Amino acid sequence: MTPTTTERNRANRRKGAAWETELLAGLRSVGEDAERLRLAGAEDEGDLVIREGDGLFTVIETKNAKLEPGPFLDEAERERLNFAKHRGIHPDQVESIVVVKRRGKGWRKAFVLTTVEAYFGLDAE
């Protein structure tokens, strides 16, 4: 019997949640001050956040899916801005990255996506 769309969606959500939990536990195991963020619908803030100190944050969008860098990064940018807005902090205090699970690999071997602009701290054009 072929799974229905609803069953596939549930399975994908479970895989995504398991990946998010694995990454969170891994980051905490190496001393990162990481926590899970709550879903906020259209104003989602990402999946995880790392407090960097000095009032700086890194919002992480986790993905356990086919690699689609453009849409993933666009989503992470929206969520970075939502995170800053909801906390009344300047967006410059928040970075965003996407962490994409690699099939058959643990959290340490995941891909980290960002832009050249963000990575080098360049002003937006």
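Trainee: Glu20, buried or exposed?
Mentor: Glu20 is buried, at a relative accessible area of 12%. Buried means under 20% relative accessible area, exposed over 50%, and partly exposed in between, with a 1.4 Å probe and protein chains only.

Trainee: What is this based on?
Mentor: This is a predicted model, in which local features need pLDDT of at least 70 and side-chain atom pairs count only at pLDDT 80 or more, while totals for chains, interfaces and linings use all residues. Residues are numbered from 1 along each chain as its sequence is written, and side-chain values use heavy atoms, leaving out hydrogens and water.

Trainee: Which residue forms a salt bridge with Glu20?
Mentor: Arg36, with the closest N and O atoms 2.5 Å apart. A salt bridge here is a side-chain nitrogen of Lys or Arg within 4 Å of a carboxyl oxygen of Asp or Glu.

Trainee: Where do the two sit?
Mentor: Arg36 is in strand β1 (residues 34–36) and Glu20 in helix α1 (residues 5–29), so the pair ties together parts 16 residues apart in sequence. Helices (H or I, at least four residues) and strands (E, at least two) are DSSP runs, numbered from the N terminus. Arg36 is partly exposed, at 39% relative accessibility.

Trainee: How many salt bridges by this rule?
Mentor: The count is 8. One of them pairs Glu45 with Arg87, closest N and O atoms 2.8 Å apart.

Trainee: What about burial for that pair?
Mentor: Glu45 is buried at 7%, whereas Arg87 is partly exposed at 38%.

Trainee: Which residues share partners in a network?
Mentor: Asp33, Glu35 and Arg51 are joined into one network by salt bridges that share partners.
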